[in-house]
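Reader: I've got a structure open and I'd like to understand how its chains sit together. Can we go through it step by step?

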There are 2 protein chains.
Amino acid sequence: MAEPSAPRTTVRRLAERGVYHRAAIDAVLDEALICHVGFIIEGGPVVIPTIHARSGDVLYLHGSPASRMLRSMRSGDEVCVAVTLVDGLVMARAPFHSSMNYRSVVLFGEPRMVDDPDELWEAFTVLTEHVAPGRWADSRLPNQKEIRGTLVVAVPIDQASAKIRTGPPGDDEEDYHLPIWAGVVPLRLEAGAPIPDPRLAPGIEPPPYLTGYRRPGTDG
Amino acid sequence: MAEPSAPRTTVRRLAERGVYHRAAIDAVLDEALICHVGFIIEGGPVVIPTIHARSGDVLYLHGSPASRMLRSMRSGDEVCVAVTLVDGLVMARAPFHSSMNYRSVVLFGEPRMVDDPDELWEAFTVLTEHVAPGRWADSRLPNQKEIRGTLVVAVPIDQASAKIRTGPPGDDEEDYHLPIWAGVVPLRLEAGAPIPDPRLAPGIEPPPYLTGYRRPGTDG
């Protein structure tokens with residue numbers, strides 16, 4: 001597996017937090033439910049949240065053929081995809097040293113339109129499985145009209161970097177004696193009990209992959 | 001309070017989900033811990049996660065004077081700030097109709113460097129209070145070196161729109177009879193018990209605003 005590193009993806013600030021291993025990058029991409037995609041429209045930056053899914057060395061994004069994001073991607077211009085997991089509030093004694101614990105990936109790449117039927121099917125599969133592993137096999141699978149009604153792009157994962165902060169705050173040496181609580185408040189995305197569709201056919205229980213829902217890489 | 005709506009911020013896709021009321025926009029900005037800022041460097045889009053805080057009609061962003069994001073903002077070029085709250089997985093019978101429940105804001109604006117000492121102090125205050133209301137009064141407040149070492153920009157909240165999806169999935173009429181569970185898996189950011197800094201001075205208990213931590217607008 002390639003270890004991507006290109007000048008544009010070099011983590012400039014707080015370089016000690018920069019991580020370039022594909023395994024670390026993939027873990028963040030796979031755990032995060034959504035990403036934020038940056039692109040340029042009429043000379044200005046636009047950022048849109050959307051679902052992503054990784055398959056090997058590419059990240060798939062999808063949407064309506066009418067979406068500005070996907071239409072702009074037809075041009076092949078480079079996009080930036082940011083994926084961020086917030087793990088905790090880092091409460092230092094001084095606000096200047098307060099921070100967040102987080103894991104983030106920033107990925108640059110030229111999107112490629114996915115046309116091949118097999119690859120399209122793979123993209124639909126992983127986009128569903130990314131959100132809820134096990135769901136694809138339970139679903140009423142896409143028909144031709146739906147396939148034609150969905151635009152999919154692939155962004156290669158070869159200009160990416162991860163940035164990770166963990167652990168306690170780092171205060172100025174002379175502040176450690178202060179009578180101020182300092183430490184970390186851990187945060188995580190929690191799922192509640194599934195809420196059935198009011199039109200659910202009778203006698204259908206929620207599947208285990210939804211009642212016990214958690215993101216991959218989390219311990220539940 | 002102005003009701004911002006400008007051509008660039010018009011929600012194009014799924015326009016029925018678009019919301020332009022400042023109260024709705026502010027609620028999303030205030031609840032979300034972080035934002036994703038899009039800007040342009042060397043002709044390409046860059047997206048970076050960062051903490052934001054609102055004070056009235058402006059959104060403050062801050063960081064090191066060496067950060068690429070903040071240096072690029074000195075130019076006054078328009079940036080795009082996206083703020084997203086993920087509220088649930090919308091599991092339709094067909095993947096094509098599956099979605100997320102979410103509340104998001106996309107804001108465009110020309111950043112203004114904050115130089116005025118009083119406004120800088122206000123920005124530092126709200127940036128701390130945004131993360132943990134009550135923290136500022138408990139903190140060792142910024143000194144001159146820290147103030148000089150932090151760059152703050154203000155982005156006006158006048159070209160913003162919110163996009164909100166709530167409620168159950170909407171499937172094709174002919175799919176409702178299928179023996180597939182459908183509905184919503186609610187999601188939210190949960191805080192765990194505060195973890196004390198290993199170097200915490202003895203006898204200091206975590207304050208109530210951290211032991212009972214929750215984001216504003218959530219019911220805990």
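Reader: Which residue of chain A comes closest to the rotation axis?

Author: Keep in mind that this is a predicted model. Going by C-alpha positions, the residue of chain A that comes closest to the rotation axis lies at 2.2 Å from it. That residue is L189(A).

Reader: Okay, and what is the bridge partner of L189(A) in β10(B)?

Author: Start with the strands: β10(A) and β10 of chain B (residues 183-191) pair in the antiparallel sense, over five bridges. Within that pairing, L189(A) meets its counterpart, L189(B).

Reader: By what turn can chain A be laid on chain B?

Author: The fit has an RMSD of 0.0 Å, and the shift along the axis is 0.0 Å. What's left is a turn of 180°. So the relation is that of a two-fold axis.

Reader: How much of the contact surface of chain A recurs in chain B?

Author: The contact takes 80 residues from chain A and 80 residues from chain B. The same surface serves both copies, and the share of chain A's contact residues that recur in chain B is 100%.

Reader: Which element gives the largest share of chain A's side of the contact?

Author: Several elements of chain A each supply at least two residues, including β2 (34-41), α3 (117-131) and β11 (195-196). The largest share is nine residues, and it comes from β10(A).

Reader: And how many residues on that side are nonpolar?

Author: Sort the side of chain A that touches chain B by class: 14 residues are polar and 15 are charged. The nonpolar residues there number 51.

Technical notes: Residues numbered from 1 in each chain as written. Chains lettered and ligands numbered in written order. Predicted model: local features only at pLDDT ≥ 70, side-chain atom pairs only at ≥ 80, totals over all residues. Contact = placed C-beta atoms within 7 Å. Helix = DSSP H or I, 4+ residues; strand = E, 2+ residues; numbered from the N terminus. Nonpolar A, V, L, I, M, F, W, Y, C, P; charged D, E, K, R; others polar. Pairing = 2+ DSSP bridges. Least-squares fit on C-alpha atoms with pLDDT ≥ 70 in both.
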